[in-house]
Amino acid sequence: MAMGCTPTHHTTPRGEVSIAWLHSLCQERSQLITDDLYICGTVVANDKLGEITKALVLADQTGGVELKIDSDDVDGLVGLNTNVRLRCSGLALGREGHKVVMGLAPKADFTVERIGEQELLNYLAVSLTDEPLRATEMTIRELTAEHLLCYVSLGDVHFVEEELHQRWCLDNETTIHHLTDGCDTLRVVTAPTAEYASSALPSGVIRCTGIVDWVEGDIALRITNKQF
């Protein structure tokens, strides 16, 4: 399965493009899309369990993109695991660290502006044509910045011994923990808004599924829909 986010050409098409191809348009801090393009994919992260807020992550087999939305109930607008079609013309692409985000053209010193609830209907439509995207099986060693916002699943991992019995979030702040498969280690980021933030980390060997995020200058797994 193709997971890279670097396209092999830059000829501007019309109609449907992959999310990886869309990334190629993001040459500036913020880039307005004027061509008649759209992407299709599955909502693999939103605020259903508070794991992210005011955003959703749309992913296909080639990559993912974070769509900024001005709503406190994104899941009520577009449910988790829903297949959607996103019209890109009129939206802006930007970068937060190394990850690609989308929204309205910025009016101030922002990468992109959040899309209002009513405006969202001008760009996003639910699609019932395909099965929801399945997470791609990966190992910790395989993950790189090329997989940012991709939907992945890691099996046979466990939290490092010194973090066992800690809570997902410490002191009501975004917290980074560490998973290992016995050879390699991966950071795991959890927002204090997550419904399970005050619960203890699971012990023993587990499987974790979520998106690859960019936090404090490096990649980190952000678990989605409490898949651990």
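This is a short walk through a strand hairpin, a group of aromatic rings and a charge placed over a ring. Keep in mind as you look that the model is predicted.

Let's start with the hairpin. Strand E15 covers residues 206-215 and runs antiparallel to E16, with 6 bridges joining the two. If you would like one of the contacts to find on screen, go to Gly-210, whose bridge partner in E16 is Ile-223. Between the two strands of this hairpin there are 2 residues, and Glu-216 takes a positive phi near 50 degrees. Now turn to E16 itself, residues 218-223: 5 of its 6 residues are buried, so the strand is largely enclosed by the rest of the structure.

From here, move on to the aromatic rings. The structure holds 4 aromatic pairs. One of them is Phe-159 with Trp-168, an edge-to-face pair at 5.4 Å centre to centre with 90 degrees between the planes. Both of these residues are buried. Tyr-196 and Phe-228 have ring centres 5.3 Å apart; their planes meet at 65 degrees, and because edge-to-face begins over 60 degrees, this pair falls in that class. The pair links distant parts of the chain, with Tyr-196 in the loop between E14 and E15 and Phe-228 in the segment after E16, 32 residues apart. Tyr-196 has 3% relative accessibility and therefore counts as buried, whereas Phe-228, at 31%, is partly exposed. Ring pairs link Phe-159, Trp-168, Tyr-196 and Phe-228 into a cluster.

Our last stop is a charge and a ring. The charged end of Arg-85 sits over the ring of Tyr-38, at 3.5 Å from the ring centre.

Note on methods. Residues numbered from 1 in each chain as written. Predicted model: local features only at pLDDT ≥ 70, side-chain atom pairs only at ≥ 80, totals over all residues. Heavy atoms only, no water. Buried < 20%, exposed > 50% of the residue type's maximum accessible area, 1.4 Å probe, protein only. Helix = DSSP H or I, 4+ residues; strand = E, 2+ residues; numbered from the N terminus. Pairing = 2+ DSSP bridges. Phe/Tyr/Trp six-rings, centres within 6.5 Å; stacked < 30°, edge-to-face > 60°. Lys NZ or Arg CZ within 6 Å of the ring centre and 35° of its normal.
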